[in-house]
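Me: I am new to this structure and would like a close look at a single part of it. Please take one helix and its surroundings, and go through them step by step.

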Amino acid sequence: MGLFGNLFADIGVDLGTCNTLIYVRGKGIVINEPSVVAVERGTRKVVAVGTEAKKMLWKTPENIIAIRPLADGVIADMDTTEKMIRYFVSKIMPRHSFIKPRMVIGIPSCITEVERMAVEESAQKAGARGVKVIEESLAAAIGANIPIEEPAGHMVCDIGGGTTEVSVISLGGMVVTNAIRIGGDEFNEAIIKHVRTVHNLVIGEHMAEKLKIDIGNASPEKNIEKVEVKGTDAITGLPRRLEIDSVEIREALKDPVTAIVEEIKRTLGDTPPELAADIVERGIVMTGGGALLKGLPKLISKETGVPVIVAESPLDCVAIGAGKYFELYNDIQRTRSIYDSLNG
């Protein structure tokens, strides 16, 4: 018997630029793998998906291509995205099940209607019985256990691999939402560009990611950390090593970090005064992988004058919230009806 026995529950999907996560009620996160698909050149036959495919990025023989089918939080390659979703769903479904899952997928609010339809179509072609797409920050708020059904303002800042979304939520709906196509990938690119420009050293995305995690920071710290970097000399083409410190990495990350801080300020400025007062009291909740960048919550709090809280398991919030959406939906509708009747 499969994971669900004779029934297949609704599932929540965080279709991320870097990673895809799938949540099943009662089971938790059952899939957390890179959003990468390796295919044969020419035939487009799938060779590997997820973790196995990521190992092949930049290391494949000529007849195999490793593809990241999502870019900046949206589908860049629809056919490959469909194959990836189908593969992940097949890993968690009972092998001979005739029951198709109902999917709730978190998507960035900045995507176009065409891009939204591409997400729905990919999920349906991959075997979903029904597809509901919701804003990532709404899903993240649910996943972070924020009481979004209350008639009070809650601000969420979700920093994913391809996008950052900042939203104010009240009575289960989005009051204000702003999003920019800057996220963890742009942090990596900023580090790659800095090391190339300043040191004439070419490093890959994997090394940039390691630098970001190990010594990346957004606020000055007392301890200056140093790590050794390996790359290719941009002039000679030969392998070279270099020692780099956390001060340099903070400087490298300055532009994308500043863009995120400005987006949060803009959203606060767009927020109705009554809800802004709630946010000052309750704080800004951060979710997504970018919330883990050292010193970023501290910097945002300093720049806005608002407390900042990092959600528990920030990487999982969108998938968990998408999976719990239908549970909350009826409660939200009931709360809205009561609130509307009381306020005439």
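Reply: Just after helix α3, Gly 127 has a positive phi of about 115°. The model is a predicted one. Helix α3 itself runs over residues 113–125. From the first C-alpha to the last, its 13 residues reach 18 Å, close to the 18 Å expected at 1.5 Å a residue.

Next comes the question of which residues of α3 are buried. They are Glu 115, Ala 118, Val 119, Ser 122 and Ala 123. Around the axis these residues cover an arc of only 125°, so they sit on the same side of α3. An α-helix has 3.6 residues a turn, so residues three or four places apart point the same way. On the other side of α3, Glu 113 and Val 114 are exposed.

What do the buried residues of α3 pack against? Their partners are β1, β8 (74–75), α2, β9 and β10. Three of these names, β1, β9 and β10, recur in an open sheet of 5 strands, whose order is β3-β2-β1-β9-β10 and whose pairing is mixed. The edges are taken by β3 (28–34) and β10 (130–135); each has a single partner strand, so one side of each is left without a neighbour in the sheet. From one strand to the next, the twist averages 20°.

At the β3 edge, β3 pairs with strand β2 (residues 19–24) in the antiparallel sense, over 6 bridges. Within this pair, Val 24 stands opposite Gly 28 of β3. Helix α2 (residues 78–92), one of the partners of α3's buried residues, also packs on the sheet. There α2 touches β1 (11–15), β2, β3 and β9 (102–107), and its direction makes about 140° with that of β3. Helix α4 (residues 136–143) packs on the sheet as well, where α4 touches β1, β9 and β10. The direction of α4 makes about 90° with that of β10.

Helix α8 (residues 254–270) can be read in the way used for α3. Its 17 residues should span 24 Å at 1.5 Å a residue, and the end C-alpha atoms are 24 Å apart, which agrees. Buried residues in α8 include Val 257, Ile 260, Val 261, Ile 264 and Leu 268. Seen down the axis, the buried residues of α8 fall within an arc of 155°, so they line one face of the helix. The face turned away from that buried side carries the exposed residues Asp 255 and Gly 269.

Definitions and conventions:
Residues numbered from 1 in each chain as written. Predicted model: local features only at pLDDT ≥ 70, side-chain atom pairs only at ≥ 80, totals over all residues. Heavy atoms only, no water. Pairing = 2+ DSSP bridges. Helix = DSSP H or I, 4+ residues; strand = E, 2+ residues; numbered from the N terminus. Axes fitted to C-alpha atoms, helices over the stretch in contact; angles between N-to-C directions. Contact = heavy atoms within 4.5 Å. Expected span 1.5 Å × (residues − 1). Buried < 20%, exposed > 50% of the residue type's maximum accessible area, 1.4 Å probe, protein only. Arc of directions from axis to C-beta.
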